[in-house]
Structures are given as C-alpha cells and as structure tokens.
Amino acid sequence: MFSIRFASFLSKRYVSTCRTSSLSPSPPCSAIQPWLFVGLGNPGEKYQSTRHNVGFAMIDAFAQSQGISLTTHHFKALFGEGMVDGVPVLLAKPQTYINLSGESAGALAAYYKLPLNRVLVAYDDTDLPCGVLRLQPKGGYGRHNGLKSVIYHFRKNREFGRLRIGIGRPPGQMDPRAFVLQKFNKTGRERIDSAMKEGADILKMVVIRGVTEAGRLSNADQKYKHLISDDKES
C-alpha cells in the first residue's frame with residue numbers, strides 16, 4: 001500500500017494532469033513526463049561488485065550524484081525518485097534476479113504510463129572493452145538474458161534507451177556465465193569506477209538533452225578509451 005501511495009504522490013507532485021475542453025482542441029497544459037532509469041543486476045551481498053552488477057552500480061552512482069535515495073520497494077525493485085533540472089526522474093534496481101528484470105521494468109513503465117522513449121536500461125556488456133560506455137536509443141539484447149526479459153515485458157518493443165557498460169570479454173575458453181559473476185581485478189575496478197562517474201554525467205545529459213543528442217556527444221569520447229588495451233580486461 002505504501003508503494004501505491006508513494007506513486008500517487010509522485011504523480012500529483014511532478015506530473016501535470018491536463019484536462020481537455022470542448023472549446024479547445026488541445027490541452028491547456030502539457031505534462032512533464034518522467035524518465036525511468038533501470039539498472040540490471042542481481043540482489044544480495046553475494047553479487048555485489050561483480051561484473052554482472054554494473055547496471056546496479058550505475059544507478060547508485062547517478063542517485064548519489066543527484067541526492068536521490070533508493071529506499072522504497074516498488075514493483076519488485078529498489079526504487080527512488082527525484083528532480084533533475086526540473087524533470088522528474090524515477091530510478092529502479094529490480095530485485096527479481098537479473099534474468100527476470102522485465103517483470104519489474106515492465107510493470108513500472110506501465111504503471112507510470114511511460115512511452116518507451118522515456119525509459120533507459122543500464123547493463124553490463126561483454127562486447128565493449130572494460131570501462132567503455134555506449135549510449136543507444138534502441139537495439140536488441142545480444143546474449144544478455146536480463147535485457148531479453150525487459151524486451152519481452154515491453155511487449156517485444158525494443159525502442160527504449162540503453163546505457164551499455166563494457167566489462168570486457170572472458171579470457172581464453174572461460175565460460176561467460178562464470179566471468180560475469182566474478183569481481184573485477186585491480187585494473188578493471190579502476191576503469192569501472194571511472195566509468196561510473198562518467199555514466200552519471202551521461203545520464204544527467206539524457207535528462208536534459210534526450211538519448212540521441214546525449215549519445216552523439218558522449219559516444220565519440222568513449223569510443224577511443226583504452227585504445228592500448230585489448231577488448232578484454234587486462
């Protein structure tokens with residue numbers, strides 16, 4: 001019941017409700033639609049600081065930078081809300097385990113009646129070098145089962161924003177499933193810590209400028225990071 005009251009409070013405080021008039025073909029006011037940022041990861045101390053949990057870490061980094069607390073349980077997620085440059089922002093870390101993340105993300109987007117171009121998902125990506133970020137307005141799920149679940153619960157619609165967080169490729173013949181559940185080595189940890197700070201700035205830019213423009217401004221710089229390294233974590 002608390003989560004429902006909390007959501008109603010958000011809607012009344014931040015999102016304008018426009019009433020149409022028979023005398024006017026358009027609403028007399030315009031609604032400010034929130035952004036929903038969802039980070040993917042696994043709950044529990046066992047998985048903290050693992051490669052698979054960088055989506056959670058990105059949401060934490062952004063929340064800290066904006067003074068937003070994630071202390072509410074809402075639609076199977078740790079949830080927080082705040083204002084960034086006058087725009088309402090919703091933050092969520094699904095607690096369903098990563099492969100079922102869509103159960104939470106889909107319910108949140110539906111409850112707040114958000115178009116998917118106001119949703120962004122942050123997640124780990126083995127196809128990018130460790131610490132490299134890539135912002136995209138849409139795409140597939142690759143080999144990421146958590147993102148696959150999100151797409152399924154968005155009724156297979158793939159046109160939502162993504163912040164891909166590079167974690168590098170597993171060395172040799174290592175099982176990718178084991179790789180993503182391990183913690184970073186020293187070099188990888190330093191790169192990820194730096195990426196969290198950069199990612200928080202990128203997410204703020206998304207709120208202000210939108211995904212496409214923020215991607216245009218940030219992706220070029222990210223592309224040339226760590227050129228001296230391999231695609232895998234050194």
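Strands S6 and S7 are joined by four bridges and run antiparallel, a convenient place to enter this predicted model. Across that pairing, Leu135 stands opposite Leu163 in S7. Six of the six residues of S7 are buried, so the strand is largely enclosed by the rest of the structure. Gly161, Leu163 and Ile165 point one way from S7, while Arg162, Arg164 and Gly166 point the other way. The two arginines of S7, Arg162 and Arg164, are thus listed among its buried residues.

On to the next pairing of S7: six bridges join S5 to S7 (residues 161-166), and these two strands run parallel. Within this pair, Leu120 has Gly161 as its bridge partner in S7, and Asp124 stands opposite Ile165. S5 is itself mostly covered, with seven of its seven residues buried. Val119, Val121, Tyr123 and Asp125 point one way from S5, and Leu120, Ala122 and Asp124 the other way. S5 is also joined to S1, by four bridges in a parallel arrangement. Here Leu120 appears again, as the bridge partner of Phe37 in S5.

These pairings belong to a wider sheet. Seven strands form an open sheet in the order S2-S3-S4-S1-S5-S7-S6, with mixed pairing. Strands S2 (72-74) and S6 stand at the edges, each with a single partner strand, so one side of each is left without a neighbour in the sheet. From one strand to the next, the twist averages 25°. At the S2 edge, three bridges join S2 to S3 (residues 77-84), and the two run antiparallel; His73 has Leu78 as its bridge partner in S3.

The sheet sits within a chain of mixed secondary structure. The protein has seven helices and seven strands, which follow the pattern α-β-α-β-β-β-α-β-β-α-β-α-α-α along the sequence. Of its 234 residues, 50% count as buried. Among contacts between residues at least 6 apart in sequence, 72% join residues at least 24 apart.

Several helices can be placed relative to the strands. Helix H2 (residues 54-66) lies across S1, S3, S4 (87-94), S5, S6 and S7, and runs at about 145° to S4. Helix H3 (residues 101-111) lies across S1, S2, S3, S4 and S5, at about 175° to S1. In helix H4 (residues 145-153), the buried residues include Gly146, Leu147, Ser149, Val150 and Ile151. The buried residues of H4 pack against H3, S5 and S7. Just after H4, Arg155 takes a positive phi of about 60°.

What of the hydrophobic interior? In soluble globular proteins, nonpolar side chains tend to be buried together. In this model, the largest nonpolar core has 34 residues, and those with the most contacts inside it are Phe37, Leu91 and Leu163. H6 supplies the largest share of this core, seven residues. A second, separate core of 22 residues includes Val38, Leu40, Leu116 and Tyr123. Beyond its neighbours within four places in sequence, Phe37 is in contact with Ile59, Phe62, Val89, Leu90, Leu91, Ala92, Leu120, Leu203, Val206 and Val207. Leu120, the bridge partner of Phe37 in S5, is therefore one of the residues on this contact list, where contact means heavy atoms within 4.5 Å.

Helix H7 (residues 211-223) has 13 residues and reaches 17 Å from its first C-alpha to its last, close to the 18 Å expected at 1.5 Å a residue. A kink of about 30° is nevertheless present in H7, centred on Leu217. Which residues of H7 are buried? They are Val211, Ala214, Gly215, Ser218, Asn219 and Gln222. An α-helix has 3.6 residues a turn, so residues three or four places apart point the same way. The buried residues of H7 pack against strand S1 (35-39), strand S5 (119-125), strand S6 (133-136) and helix H6 (186-209).

One residue of H6 rounds off the description. Thr187 lies in helix H6, and at 30% relative accessibility it counts as partly exposed, because that value falls between the 20% limit for buried and the 50% limit for exposed. The C-alpha atoms of Thr187 and Cys130 are separated by 9.2 Å, with the two residues 57 apart along the chain.

Note on methods. Residues numbered from 1 in each chain as written. Predicted model: local features only at pLDDT ≥ 70, side-chain atom pairs only at ≥ 80, totals over all residues. Heavy atoms only, no water. Expected span 1.5 Å × (residues − 1). Bend = angle between axes of the 7 residues up to and from the residue. Buried < 20%, exposed > 50% of the residue type's maximum accessible area, 1.4 Å probe, protein only. Pairing = 2+ DSSP bridges. Core = buried A, V, L, I, M, F, W, Y, C linked by side-chain atoms within 4.5 Å. Axes fitted to C-alpha atoms, helices over the stretch in contact; angles between N-to-C directions.
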